[in-house]
Each structure stands twice: as structure tokens, then as C-alpha cells.
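I am opening a notebook on a structure that is new to me. Short entries follow, one topic at a time.

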Amino acid sequence: MTAAGAGVALALALTGCGGSGDDGRSSAPSSAAEEFGVVTIAEDGVQEVTLRTQDDFVFTPDRFTVAPGEVRLTVVNAAEEMTHNLEFDEGAGPEPIGAGIDFLAPGQEMTIDFTVTVPGDHPFTCTFHTRQGQVGTMTVRG
Ligand SMILES: [Cu+2]
């Protein structure tokens, strides 16, 4: 890619990022500034955390820690081109079993709710990019 091309791509990425978060599409009212990976408690008492992914095959951040109970996880795909997903490893603990996000197109975000009861490290991955190292860990406090 040329330097000019890279500049354009970066500008598009920044625009896409700023534009997609504020369009009111999200069902949850976003309180204040959303910090990725920071666990907050929603009005209904559920732990909320948001991860971001982009074109570089990483979850940002790639680990977060919650207490046992209900978790509301949002993944924002700020990528220009890459489609991602999020799947917990088999036996990783979140219920319902198979909780995850099947398909997240560029610019899309999705929120899932699940329950965790088993303390420890619960790995997750983007199954499209496991080979590129797109994995993460949810730690449940004991
Ligand atoms: Cu991916």
C-alpha cells in the first residue's frame, strides 16, 4: 500500500469509529464515555463491559475481569474490512452454553447477556482469526 493509501485508510477508520458509536442504534443507553474493557454496573445491576476489535486481529483489550453473576458484553467491530466473531471456548463457563457473537460485520456492534458462575479464566476467541492470535480471556473472580 502507498503512503497516501494508508493515510486514506486511517482517515476512514477514524471516521467510521467516531460515527458508528453515536448513531443511537445501540439499545443500551450509553452513559458517559465508554471505556473499552472497563467493567461498569448498569442501572439494572448487570455488569457491563465493551470490547473493540478492528482490522488487526486483536480484541481491545484482550482480557477483562468480572464477578460471578450476569454479564452484558458488547463487542464493537471498528474494522474497515474484517468480519469478526466471539466464541467462548468449550466448557469455558458462560451460560447459556454457546453464548457468543456469531458474526460481526465491519462497523457493527452487538451485545450479549450471559451468566458466569465458575471462578477462573475463561478463554474466548474469534473463530475466524484464531490462527492470527485473536484470542482473549475473561476472568471470573472467586
Ligand atoms: Cu476476527
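**Entry 1: the order of elements**

In what order do the elements of the protein chain run from the N terminus on? I read α-β-β-β-β-β-β-β-β-β-β. I count one helix and 10 strands in the protein chain. I note at the start that this is a predicted model.

**Entry 2: confidence**

I looked up the pLDDT next. The protein chain averages 83. I find that 75% of the residues score at least 70. Where does pLDDT stay under 50? I see this over residues 5-32. For that stretch the model has 13 contacts beyond four places in sequence.

**Entry 3: burial and contacts**

I checked how much of the protein chain is buried. Of its 142 residues, 25% count as buried. I then took the contacts with a separation of 6 or more. Residues 24 or more positions apart account for 61% of them.

**Entry 4: the nonpolar core**

How many residues has the largest nonpolar core? I get 21 residues. V75 and L86 have the most contacts inside this core. I asked which strands supply it. At least two residues each come from β2 (47-53), β5 (69-77), β6 (84-88), β7 (100-104) and β10 (135-140). β5 gives the most, with four residues.

I followed V75 further. Leaving out residues up to four places away in sequence, I list its contacts as L51, T53, L86, I101, L104, E109 and M110. So L86 appears in both notes: V75 touches L86, and L86 is named with V75 for the most contacts inside the core.

**Entry 5: E109**

One contact of V75 is E109, so I looked there next. E109 is found in strand β8, residues 109-116. Is E109 buried or exposed? I find E109 buried, because 20 other C-beta atoms lie within 10 Å, and 20 or more is the cut-off for buried. I also checked E109 against R52. The two are 57 residues apart along the chain. Their C-alpha atoms are separated by 8.9 Å.

**Entry 6: strand pairing**

Which strand does β6 join through two bridges? I find β9, residues 120-125, and the two run antiparallel. F88 has F124 in β9 as its bridge partner. β9 also pairs with β10, in the antiparallel sense, over six bridges. There I noted D121, whose bridge partner in β10 is T139.

**Entry 7: backbone exceptions**

I looked for departures from the usual backbone. Most residues other than glycine have a negative phi, and most peptide bonds are trans.

Which residues does a cis peptide bond join, with omega about -5 degrees? I find T60 and P61. P61 has its place in the loop between β3 (59-60) and β4 (63-66). A cis peptide bond also joins E95 and P96, with omega about 0 degrees. P96 lies in the loop between β6 and β7.

F57 is my last stop. Its phi is near 65 degrees, a positive value in a residue other than glycine. I place F57 in the loop between β2 and β3. How exposed is F57, and why? I call F57 partly exposed, because 18 other C-beta atoms lie within 10 Å. That count falls between the cut-offs, which are 20 or more for buried and 12 or fewer for exposed.

Key. Residues numbered from 1 in each chain as written. Predicted model: local features only at pLDDT ≥ 70, side-chain atom pairs only at ≥ 80, totals over all residues. Core = buried A, V, L, I, M, F, W, Y, C linked by C-beta atoms within 7 Å. Contact = placed C-beta atoms within 7 Å. Pairing = 2+ DSSP bridges. pLDDT = per-residue confidence, 0-100.
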